[in-house]
Amino acid sequence: MKQAGQAVSGSVLTIDRSRDLEFMREALELAQQGASQGEVPVGAVLVRDGVVLGRGFNQPIGLHDPSAHAEMQAVREAACSVQNYRLPGSTLYVTLEPCSMCAGLLVHARIARVVYAASEPRAGMAVSQGRFFEQEFLNHRVHVEGGLLADESAQLLRSFFHARRKKRGKAQAGRLPDRPGSCEA
Ligand SMILES: [Zn+2]
């Protein structure tokens, strides 16, 4: 896993990391908020010049919106708050390595830097399943860093899935048919 502060890609830019931990902690709190609503716990905070412009957590289930990933929510709020569809000079803190959709979004939004916590081996597109941000055709470079508070984020995800499996196991048991061998619940 890439450590915080280790650049995966990106052009030369002056980076202020002094508040990275603070903002990632806030993203983790948002992830927790998602978990309490039954959503996979991923949180994101979008910051420019030390000011939080947007916050979001994963909520595709609650919003009936497959695009409602934490990054998407935070970027939408930020763009709306500054009344601009581009957010140059901003940093997105997200508790999980971005997927292909969100990786594309960060380029469209002209985000300067993305800092993620845990890596996502199955669908992460920063390093895990592909290095999207390094693609030659992109007309904008996002500086990528990973690993900040990765353990905290991974632990949050693990306990969420553990609790959900337990709950589903119980629900399944509750749906056993009255008559053995039938499929009528
Ligand atoms: Zn995503």
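The exercises below work through the sheet, the helices that lie across it and the nonpolar core of a predicted model.

**Exercise 1.** Determine the strand order of the open sheet and identify its edge strands.

*Solution.* Begin with the order of the five strands, which is 2-1-3-4-5, with mixed pairing. Next, look for strands that pair on one side only, and these edge strands turn out to be strand 2 (51-57) and strand 5 (143-146). Finally, consider the twist: neighbouring strands of this sheet are turned by 15 degrees against each other on average, direction ignored.

**Exercise 2.** Describe how strand 4 is joined to strand 5.

*Solution.* Strand 4 (residues 113-118) and strand 5 run parallel and are joined by four bridges. To place the two strands in register, note that R113 stands opposite H143 in strand 5.

**Exercise 3.** Work out which strands helix 1 and helix 3 lie across.

*Solution.* Take helix 1 (residues 20-36) to start with: it lies across strand 1 (43-48), strand 2, strand 3 (91-96) and strand 4, and runs at about 145 degrees to strand 1. Helix 3 (residues 70-82), in turn, lies across strands 1, 2 and 3, running at about 140 degrees to strand 2.

**Exercise 4.** Find the residues with the most contacts inside the largest nonpolar core, and trace the contacts of Y93.

*Solution.* This core has 49 residues, and those with the most contacts inside it are A27, A44, Y93 and V94. Helix 1 gives the most to the core, with seven residues. Leaving aside residues up to four places away in sequence, Y93 touches F23, M24, A27, A44, V45, V47 and V115.

Terms used
Residues are numbered from 1 along each chain as its sequence is written. This is a predicted model: local features need pLDDT of at least 70, side-chain atom pairs count only at pLDDT 80 or more; totals for chains, interfaces and linings use all residues. Two strands pair if DSSP finds at least two bridges between them. Axes are lines fitted to C-alpha atoms, for helices over the stretch in contact, and angles run from 0 to 180 degrees between N-to-C directions. Two residues are in contact if their C-beta atoms, placed from the backbone, lie within 7 Å. A nonpolar core is a set of buried Ala, Val, Leu, Ile, Met, Phe, Trp, Tyr and Cys residues joined through C-beta atoms within 7 Å. A residue is buried if 20 or more other C-beta atoms lie within 10 Å of its own, exposed if 12 or fewer, and partly exposed in between; C-beta atoms are placed from the backbone.
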